[in-house]
Amino acid sequence: MTTPPTALNVAIIGTGVIGAAWASGFLAAGHSITAFDPAPGAEERLREQVKNNLAVMDGGQAPAADRLRFADSLAEAVTGADFVQENGPERLEVKQSLLAEIDAAVPRPAIIASSTSGYAPSEISTHAASAPERIIVGHPFNPAHLIPLVEVVPSPSTRAEVAEEALEIYRSVGKKPILVRAELPGHVTNRLQAALWQEAYSLVDRGVVSVADIDTAISYGPGLRWAILGPLALQHLSGGAGGMRHLLEHLGPPQEVWMHDLEQVHLGEGLKAKLIDGVDDELTGRDKEAMTRQRDDMLLRLLELKADFDQLP
Ligand SMILES: NC(=O)c1ccc[n+]([C@@H]2O[C@H](COP(=O)([O-])OP(=O)(O)OC[C@H]3O[C@@H](n4cnc5c(N)ncnc54)[C@H](O)[C@@H]3O)[C@@H](O)[C@H]2O)c1
């Protein structure tokens, strides 16, 4: 396995919500950033967002922001880069041309990672002629300056060392990466979320519960446990002395009935209206910015707490 150098030159291409979060994470870990985004005012927005993120992450880190440079062009941003993180808009043709442009400009052996939420690396690298085997997906989760998970998805033509090195680089900036061994729409974690959203939307559509009830059910129920242990390890604990085997033998048959009863939903206008009105009802009188701040504060405390418990993976 390749060990990443202590200080990397990281190019951040696209500096919206996710690009700014990546820039903050790499800066906080001691790396240098060169960023590029063609939108007017992008540099000011990035600097403001990075300042805010760093203040949340580690009480300021003023020197870290000094290692952030904004380039005038994509080619300038990737010159001398050891690692590129692409965060442009989630549209296939935009990703394809952006990845081709980056691939043509960035010197080898730099790795090119895309934050794409759902496209496969083979799909987005179709126009990258120089070295598509060093292109991977490195998919983060919002708020990406705080959530450790990153999904690393190689394509069939990605060299194994590229995925290994990307995993190592993400670990070195405090992330918790997983390797996804097949290209699937939505990778892995968005598919898990989609399974839950599908049933939540269906239950709301059928009038079984309200939107607020769904949110209470998860955030005061299994969601509390899921932040501590994953859903499969939790089943092992729920199985008592017999662990996972007992759990599957005892509750597996009814679980299969529930799984087969799940309904597909279509996000038509009627269902969308129920979901939008339901969230509005649930959150009446609450301030969205304050909620975001409190979510981030609690996340940080939770992460600190998790680090104190050595028998939990
Ligand atoms: N927002 C999320 O929750 C989330 C989570 C994980 C991954 N992602 C993925 O991250 C990527 C970025 O999403 P976002 O939410 O930050 O979007 P965003 O709209 O906030 O940012 C996209 C940025 O790309 C810039 N851009 C447009 N054309 C460009 C070009 N040619 N070169 C460089 N930059 C260009 C835009 O100016 C904009 O600042 C997407 O692929 C998205 O799927 C988003």
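**Exercises: a ligand and a sheet**

A polar side-chain atom of Asp37 sits 2.6 Å from an oxygen atom of the ligand. Keep in mind that this is a predicted model.

**Exercise 1.** Find out which other residues place a polar atom by an oxygen atom of the ligand, and decide whether these pairs are polar contacts.

*Solution.*
Step 1. Look at Ser117: a polar atom of its side chain is 2.7 Å from a ligand oxygen.
Step 2. Now try Val17, where a polar backbone atom lies 3.1 Å from an oxygen atom of the ligand.
Step 3. A polar contact needs N or O atoms within 3.5 Å, so the pairs pass the distance test.
Step 4. For the cover, note that the ligand alone exposes 830 Å², of which the protein buries 72%.

**Exercise 2.** Describe the shell around the ligand.

*Solution.*
Step 1. The shell has 20 residues, and Ile18, Asp37, Glu90, Lys95 and Ser117 are the closest.
Step 2. Sort them by type: 8 are nonpolar, 9 polar and 3 charged.
Step 3. Ask which elements give two or more residues: these are α1 (17-28), α5 (92-105) and β6 (135-140).

**Exercise 3.** Work out the strand order of the open sheet and what packs on it.

*Solution.*
Step 1. The 8 strands run in the order β3-β2-β1-β4-β5-β6-β7-β8, and their pairing is mixed.
Step 2. At the edges are β3 (68-70) and β8 (176-179), each with pairing on one side only.
Step 3. Follow β3 inward: its pairing with β2 (residues 32-36) is parallel, over 3 bridges. Thr34 has Arg69 in β3 as its bridge partner.
Step 4. Finally, add α1, which packs on the sheet and touches strands including β1, β2 and β3. The directions of α1 and β1 make about 170°.

Definitions and conventions: Residues are numbered from 1 along each chain as its sequence is written. This is a predicted model: local features need pLDDT of at least 70, side-chain atom pairs count only at pLDDT 80 or more; totals for chains, interfaces and linings use all residues. Side-chain values use heavy atoms; hydrogens and water are left out. A residue is near a molecule or strand if one of its heavy atoms lies within 4 Å of it. A polar contact is a pair of N or O atoms within 3.5 Å; within protein, one must be able to donate a hydrogen and the other to accept it, and residues adjacent in sequence count only if both atoms are side-chain atoms. Accessible areas come from the Shrake-Rupley method with a 1.4 Å probe; for residues, only the protein chains shown count as cover. Helices (H or I, at least four residues) and strands (E, at least two) are DSSP runs, numbered from the N terminus. Ala, Val, Leu, Ile, Met, Phe, Trp, Tyr, Cys and Pro count as nonpolar, Asp, Glu, Lys and Arg as charged, and the others, Gly among them, as polar. Two strands pair if DSSP finds at least two bridges between them. Contact means heavy atoms within 4.5 Å. Axes are lines fitted to C-alpha atoms, for helices over the stretch in contact, and angles run from 0 to 180 degrees between N-to-C directions.
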